[in-house]
Structures are given as structure tokens and as C-alpha cells.
Amino acid sequence: MNPVLENLLTYLIVFAVGGLICAIAQLLIIKTKLTPARILVIFLLVGVFLEGIGVYKPLNDLFQAGISVPIIGFGASLTRGAIEYGKQIGLLGTLGGGLIRNALGIGTAVIASYLVTLIFSPKSK
């Protein structure tokens, strides 16, 4: 297959899957009394569940960033870390493995949000 067409197909798949996840979240907001925070937790737990039963990896290989960028990917990454470190270290590895695996991303988000507050001086309502 032509590399340009292959890349275009990949982008379309990623866009469609990511858009479907967003559409599901929007439908949950509109049709239920769930708050956005609860919907995020539900999607996080979906990622945990998919990784726990071993289905997330094949889905990630197929849908790539469409499924790994939303909060579902974060839940799967937390679970993967807990499983990996749990096998190596035991109970303490299970408890901290998810945070160890995601520490760089979490730390970067905290530092970036702090820098943004220094630049834009947010105000509470």
C-alpha cells in the first residue's frame, strides 16, 4: 500500500475512534445526570478493565492514539504498571507501580500547570 494512503488511513482510524469516545462522553453528559468528573472515572476504569483482561494491547495496536490519548489510555497504563511492578516486587509494587510508570507524565502536568498559573494569574469565582 502507498505510504501516504496508509498514513491517511491511520489518521482516519485514530480520528474516528477518538471522536467516538468523545461522542460517548457527550451523550453521557446530555442523557444522564453523570458529572464530567464521574464520566472521567468511568473511562479510567474502562481502561483499567481492558488492560486487566488483556484486551487493551490489541485495541491499542489497532486504534493507536485514538484509544491511548484519552483517559482510557491512562487507566490502562496505571494497570500495566501495577501488574509489571507487582510481578517484580510484590504487593508494594502493585500499589505503587502505576504511579512509578506514569511519574514523568504526571510530574510534567503538575509543573506545566504551575507555570501556566504564574503566567496567567487565575482567579476563582
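Let's start at Glu-51, which counts as buried at 15% relative accessibility. This is a predicted model, so take the walk below as a tour of a prediction. Glu-51 lies in helix H2, the stretch covering residues 36–52. Apart from residues up to four places away in sequence, Glu-51 touches Tyr-56, Ala-76, Thr-79 and Arg-80.

What does Glu-51 pair with in a salt bridge? Its partner is Arg-80, and the closest N and O atoms of the two are 3.5 Å apart. This pair links distant parts of the chain, since Arg-80 sits in helix H5 and Glu-51 in helix H2, 29 residues apart. As a general point, side chains of opposite charge can pair when their charged atoms come close. Glu-51 is on the buried side of the 20% cut-off because its relative accessible area is 15%.

Another of the Glu-51 contacts, Thr-79, is also found in helix H5. Thr-79 is buried too, with a relative accessible area of 11%. Setting aside residues up to four places away in sequence, Thr-79 touches Val-48 and Gly-52 as well as Glu-51.

Now for the nonpolar side of things. Which residues make up the largest nonpolar core? There are 10 residues in all: Val-17, Ile-21, Ala-25, Ile-39, Phe-43, Leu-50, Tyr-56, Ile-67, Ile-72 and Ala-76. Helix H1 (3–31), H2 and H5 are the elements that give two or more residues to this core. Two of the core members, Tyr-56 and Ala-76, have already turned up as contacts of Glu-51. In soluble globular proteins, nonpolar side chains tend to be buried together.

Phe-43 is a good member of that core to zoom in on. Phe-43 is found in helix H2, and at 11% relative accessibility it counts as buried. Leaving out residues up to four places away in sequence, Phe-43 touches Ile-21, Ile-24, Ala-25, Leu-28, Ile-71 and Ile-72. Among these contacts, Ile-21, Ala-25 and Ile-72 belong to the core as well. Phe-43 and Pro-70 are 27 residues apart in sequence, while their C-alpha atoms are 8.4 Å apart in space. Val-17, also in the core, touches Phe-63, Gly-66 and Ile-67, again not counting residues up to four places away in sequence.

Back to helix H5, which runs over residues 71–89 and is home to Gly-81. Is Gly-81 buried or exposed? Gly-81 is buried, since its relative accessible area is 0%. Aside from neighbours within four places in sequence, Gly-81 is in contact with Gly-86, Gly-93, Gly-97, Gly-98 and Arg-101. Gly-81 and Ile-100 are 19 residues apart in sequence, yet 7.2 Å apart in space, C-alpha to C-alpha.

Arg-101, one of those Gly-81 contacts, takes part in a salt bridge of its own. The side chains of Arg-101 and Glu-84 meet at 3.4 Å, N to O. That pair links distant parts of the chain, with Arg-101 in helix H6 and Glu-84 in helix H5, 17 residues apart. Arg-101 counts as partly exposed at 34% relative accessibility, and Glu-84 is likewise partly exposed, with a relative accessible area of 34%.

How many salt bridges does a search of the whole structure find? It finds three, and the remaining one joins the side chains of Lys-57 and Asp-61, at 3.2 Å from N to O. Lys-57 and Asp-61 are separated by about one helical turn, because they are four residues apart in helix H3 (residues 56–63). Lys-57 is exposed, with a relative accessible area of 54%, whereas Asp-61 is partly exposed, with a relative accessible area of 46%.

Finally, take a look at helix H6, which covers residues 91–120 and holds Tyr-114. Tyr-114 counts as exposed because its relative accessibility is 52%. Tyr-114 helps make a nonpolar surface patch of about 790 Å², together with Ile-111, Leu-115, Val-116, Leu-118, Ile-119 and Phe-120. So nonpolar side chains turn up in two settings here: in the buried core that includes Phe-43, and in the surface patch that includes Tyr-114.

Terms used: Residues numbered from 1 in each chain as written. Predicted model: local features only at pLDDT ≥ 70, side-chain atom pairs only at ≥ 80, totals over all residues. Heavy atoms only, no water. Buried < 20%, exposed > 50% of the residue type's maximum accessible area, 1.4 Å probe, protein only. Contact = heavy atoms within 4.5 Å. Patch = residues over 30% accessible without salt bridge, like charges linked within 9 Å, V, L, I, M, F, W, Y side chains within 5 Å. Areas by Shrake-Rupley, 256 points an atom, 1.4 Å probe, with all protein chains shown as cover. Salt bridge = Lys/Arg side-chain N within 4 Å of Asp/Glu carboxyl O. Core = buried A, V, L, I, M, F, W, Y, C linked by side-chain atoms within 4.5 Å.
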